[in-house]
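I sat down with a new model today and kept short notes as I went. Here is what I looked up.

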Amino acid sequence: MSEIRNEEYGYAEVPIPKKTRFWILVCFNIPAFICAVFLLFNLLFKRTLRKELHNPVIILILCLTIAIQLIDVNFYILFAEFGRVWLSAPFFCNLWSFVAVGLYDLIAMLLTWAAIERHLLIFHSLLRHTQKKRFIFHYLPLFIVIIYKLSAHIYLIFFPPCETFYDYTQPWCGFPCYFSEPSLGSYDAVANYFLPISLIIIFNFALVVRYIRRKRRVNLGFQWRKHRRMILQLLSISLLVLIFFVPMVSLFFAHANGLPAEIGENAQLYLYFFNYFVVFLLPFVCLASFPDIIKQTYKYCRSIYTNSL
């Protein structure tokens, strides 16, 4: 590790100059935030979209994305500008870690449930015919996932069974102490990283296989074209998350299972930083899966332009 890197970047920072990081985050966060708010507004206030059973999980993912953009990304922007954590207080550091770690993990867990739910919506349509069934098989699991993930990370970050040391010269004030606890670290790695990613891959693959096999046997109509859009929406979002999560989690597991820390150290720092592109690209990927919103917005903007001439 070079002397310049020690002075300029610190052990927990990606070796990119702070000013460059500042402009990367600012330039990508603003349009991503606008897109996320725009899409969330349409999904919440257009009744036909809000009532679709596959959209509540997208709404929740967008809410989490906006929270990460407002808190995690903006806190990092301030860190990159001032060279240290701008509010040197344990609660602030815990809040930053909670959003940076907990909400990202919750997005992965919601995607896991979305992959399972698509199977129910497409191949088990009887489970949505009554209000009771819709609550049990669609809304209740979302509630359980959210409560579990938020409760677990509130405990691990705000009330950890270990002593947390805060370094106000590092992003996120360093890492939560439970990362270095063998039992908690292993549980976190399996329950919050390995298991969700594995299930996302398995259920997405199974969804495509089941759809292709059913397509060959059944005369497809409008409903199946709608199902195809649902599958493509899930696949595009899942692929985006997996592209950034899988390398990071793979390296994390390798270090946890004996790979020397110095091997892949720089790569891990880059992966942590560029993981922000999940929340930068996610709103646009979600928006692309709603072509009707894009068409209506284009027509509206075109009519305003035409009337102004």
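My entries below go from the core to a loop and then to the surface.

This is a predicted model, so I kept in mind that local features need pLDDT of at least 70 and side-chain atom pairs count only at pLDDT 80 or more, while totals for chains, interfaces and linings use all residues. Residues are numbered from 1 along each chain as its sequence is written, and side-chain values use heavy atoms, with hydrogens and water left out.

**Core.** I looked up the largest nonpolar core (buried Ala, Val, Leu, Ile, Met, Phe, Trp, Tyr and Cys residues joined through side-chain atoms within 4.5 Å). It has 91 residues, and Tyr-76, Trp-96 and Tyr-276 touch the most other members. Helix H5 (90-123) is among the elements that give two or more residues to this core, and H5 supplies the largest share, 22 residues.

**Tyr-76.** I then listed contacts (heavy atoms within 4.5 Å). Beyond neighbours within four places in sequence, Tyr-76 is in contact with residues including Trp-96, Trp-172 and Tyr-276.

**Loop.** Which residue in the loop between H6 and helix H7 (182-217) did I check? I checked Trp-172, which lies there and has a positive phi of about 60 degrees although it is not a glycine. Most residues other than glycine have a negative phi. Trp-172 is buried (under 20% relative accessible area), at 12%. Cys-173 sits in this loop too, with phi near 60 degrees, and is buried at 2%.

**Surface.** Ile-136 lies in helix H6 (residues 131-158). Ile-136 belongs to a nonpolar surface patch with Phe-135, Phe-137 and Tyr-139.

Conventions:
Patches are made of residues with over 30% relative accessible area and no salt bridge: like charges are joined within 9 Å, nonpolar side chains (Val, Leu, Ile, Met, Phe, Trp, Tyr) within 5 Å. Accessible areas come from the Shrake-Rupley method with a 1.4 Å probe; for residues, only the protein chains shown count as cover. A salt bridge is a side-chain nitrogen of Lys or Arg within 4 Å of a carboxyl oxygen of Asp or Glu. Helices (H or I, at least four residues) and strands (E, at least two) are DSSP runs, numbered from the N terminus. Buried means under 20% relative accessible area, exposed over 50%, partly exposed in between (1.4 Å probe, protein chains only).
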